[in-house]
Amino acid sequence: MVRFMALTAAFLLTFVTTAHAFLGFGGKYERVRAENGIVSVSATDASTGKATFYRYEAKGGEVRFFLVKSPDGRLRAALDACDVCFHAGKGYEQKGDRMRCVNCGMEFHANRIGDVKGGCNPHPLPFAVEGDTVRIAAADLEAGTRYFPAGR
């Protein structure tokens, strides 16, 4: 009986987690919106060194991006896509102080994000920090729609 309950609990936990991610509840990305042409997110969320992922519904489709505070102390912002693998629609995952392309496996030190572009590097995203708020122009996110083919 205990074994059955443990298996049932494991199944339910897996199902609920998967369903939430599939249906857009929770999961990797937090949905953000623009107000007066600016998307604002908390700089505090990314200050731990753990990447925070967001999604923005642009006129041309969904755009995904992330923020991370790199080991050198700088806040970094990039699209969750690169110039090479964006067609796969897989983005990046964090592995310690590196961001890893989920499609090809290339890893990039967080200190390089936003400074190096091209190849499988995360595509830089311009931003400004005002106090504890990161501000990103909606126009810059709109320009990123080409990296997110519909349905991926």
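Author: A nonpolar core is a set of buried Ala, Val, Leu, Ile, Met, Phe, Trp, Tyr and Cys residues joined through side-chain atoms within 4.5 Å. The model shown above is a predicted one, and its cores are a suitable place to begin.

Reader: How many residues has the largest nonpolar core, and which of them have the most contacts inside it?

Author: As a general idea, nonpolar side chains in soluble globular proteins tend to be buried together. Here the largest nonpolar core comprises 23 residues, and Tyr 56, Phe 65 and Leu 141 have the most contacts within it. At least two core residues come from each of β3 (38-42), α2, β4 (52-58), β5 (61-69), β6 (75-79), β11 (133-137) and α3 (138-143). Leu 141 illustrates the packing: leaving aside residues up to four places away in sequence, its contacts are Val 39, Tyr 56, Val 63, Phe 65, Leu 125 and Ile 136. Another core, of 14 residues, lies apart from the largest one and has Cys 82, Cys 85, Met 99 and Phe 108 among its members.

Reader: How should the strands be read, and in what order do they stand in the sheet that contains β1?

Author: Strands of a sheet pair through backbone hydrogen bonds, either parallel or antiparallel. In this model, 4 strands make an open sheet with mixed pairing, ordered β1-β4-β5-β6. Because β1 (29-32) and β6 each have a single partner strand, they stand at the edges, and one side of each lacks a neighbour in the sheet. From one strand to the next, the twist averages 30°. β1 and β4 run parallel and are joined by 4 bridges; Arg 31 stands opposite Arg 55 of β4.

Reader: What is the strand order of the sheet with antiparallel pairing?

Author: That open sheet also has 4 strands, in the order β2-β3-β11-β10. Its edges are β2 (34-35) and β10 (128-130), each with a single partner strand, so one side of each is without a neighbour in the sheet. The antiparallel strands β2 and β3 are joined by 2 bridges, and Ala 34 has Val 39 in β3 as its bridge partner.

Reader: How is an aromatic pair described, and which geometry do Tyr 29 and Phe 53 form?

Author: A pair of aromatic rings is described by the distance of the centres and the angle of the planes. The count for this model is 5 aromatic pairs. Tyr 29 and Phe 53 form an edge-to-face pair, 5.9 Å centre to centre with 85° between the planes. Tyr 29 belongs to strand β1 and Phe 53 to strand β4, so this pair ties together parts 24 residues apart in sequence. Phe 53 counts as buried, at 10% relative accessibility. Ring pairs also link Tyr 29, Phe 53, Phe 66 and Tyr 92 into a cluster.

Reader: Is Ala 43 buried or exposed, and what does Ala 43 touch?

Author: A residue counts as buried under 20% relative accessible area. Ala 43, in helix α2 (residues 43-46), has a relative accessible area of 13% and is therefore buried. Not counting residues up to four places away in sequence, Ala 43 touches Leu 75, Asp 132, Thr 133 and Val 134. Ala 43 and Val 68 are 25 residues apart in sequence, with a C-alpha to C-alpha distance of 9.0 Å.

Reader: What percentage of the chain's residues is buried, and how many helices and strands has the chain?

Author: Of the 152 residues in the chain, 34% are buried. The chain has 3 helices and 11 strands. Among contacts with a separation of 6 or more, 54% are between residues 24 or more positions apart. The chain exposes about 8800 Å², of which carbon and sulfur atoms supply 57%.

Definitions and conventions:
Residues numbered from 1 in each chain as written. Predicted model: local features only at pLDDT ≥ 70, side-chain atom pairs only at ≥ 80, totals over all residues. Heavy atoms only, no water. Buried < 20%, exposed > 50% of the residue type's maximum accessible area, 1.4 Å probe, protein only. Contact = heavy atoms within 4.5 Å. Pairing = 2+ DSSP bridges. Axes fitted to C-alpha atoms, helices over the stretch in contact; angles between N-to-C directions. Areas by Shrake-Rupley, 256 points an atom, 1.4 Å probe, with all protein chains shown as cover. Phe/Tyr/Trp six-rings, centres within 6.5 Å; stacked < 30°, edge-to-face > 60°.
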